[in-house]
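Subject: A structure for you to look at

Hi there,

Here is the structure I promised to pass on to you. Please open it beside this email, and then read on for what turned up in it.

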Amino acid sequence: MESGPAIFAGTAFTLFGAGLLLWTGARVRHRAPVAHGVSPATAVALAALFGAGFLTLGLWCFGRV
């Protein structure tokens, strides 16, 4: 019964983290801004950090199942 929410949360966090990392990589590859009004280096670093964090959190949730 308790594995249902963990699977849902793990899926949501993993998909969001992977999507954020892929989107950030595509923006960097095309030399497009990641966030408007922010230094490009700061935007890339924070987006990559949060993407990796959400991906790790999702994998941790799957480990709790």
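Let's start with R31, which sits in the loop between α1 and α2. Please keep in mind that this is a predicted model.

Is R31 buried or exposed? Its relative accessibility is 79%, and exposed means over 50%, so R31 counts as exposed. The backbone here also deserves a look: just after α1, R31 takes a positive phi of about 55°. Most residues other than glycine have a negative phi. R31 is a residue other than glycine, yet its phi is positive.

Now to the helices on either side of that loop. Helix α1 covers residues 3-29, and α2 covers residues 40-63. You can check their lengths yourself. At 1.5 Å a residue, the 27 residues of α1 should span 39 Å, and because its end C-alpha atoms are 38 Å apart, the two values agree. For α2, the 24 residues should span 34 Å, and its end C-alpha atoms are indeed 34 Å apart, so that agrees as well.

Which residues of each helix are buried? In α1 they are A6, G10, T14, G17, L20 and T24. In α2 they are A43, A47, G51, G58 and C61. The buried residues of α1 pack against α2, and what covers the buried residues of α2 includes α1.

G58 is a nice place to see this packing. This glycine lies in helix α2 and has 0% relative accessibility, so it counts as buried, the cut-off being under 20%. Leaving aside residues up to four places away in sequence, G58 touches G10, F13 and T14. Two of these, G10 and T14, are on the list of buried residues of α1. You can also look from G58 to I7: they are 51 residues apart along the chain, while their C-alpha atoms are separated by 8.9 Å.

I7 leads us to the surface. Together with L59, F62 and V65, I7 forms a nonpolar patch there, and the four have about 360 Å² of accessible area together. L59 belongs to helix α2, and because its relative accessibility is 54%, L59 counts as exposed. Compare that with G58 in the same helix, which counts as buried at 0%.

Have fun turning the model around, and write back with any questions.

Best wishes

Terms used:
Residues are numbered from 1 along each chain as its sequence is written. This is a predicted model: local features need pLDDT of at least 70, side-chain atom pairs count only at pLDDT 80 or more; totals for chains, interfaces and linings use all residues. Side-chain values use heavy atoms; hydrogens and water are left out. Patches are made of residues with over 30% relative accessible area and no salt bridge: like charges are joined within 9 Å, nonpolar side chains (Val, Leu, Ile, Met, Phe, Trp, Tyr) within 5 Å. Accessible areas come from the Shrake-Rupley method with a 1.4 Å probe; for residues, only the protein chains shown count as cover. A salt bridge is a side-chain nitrogen of Lys or Arg within 4 Å of a carboxyl oxygen of Asp or Glu. Helices (H or I, at least four residues) and strands (E, at least two) are DSSP runs, numbered from the N terminus. Buried means under 20% relative accessible area, exposed over 50%, partly exposed in between (1.4 Å probe, protein chains only). The expected span of a helix is 1.5 Å times one less than its number of residues. Contact means heavy atoms within 4.5 Å.
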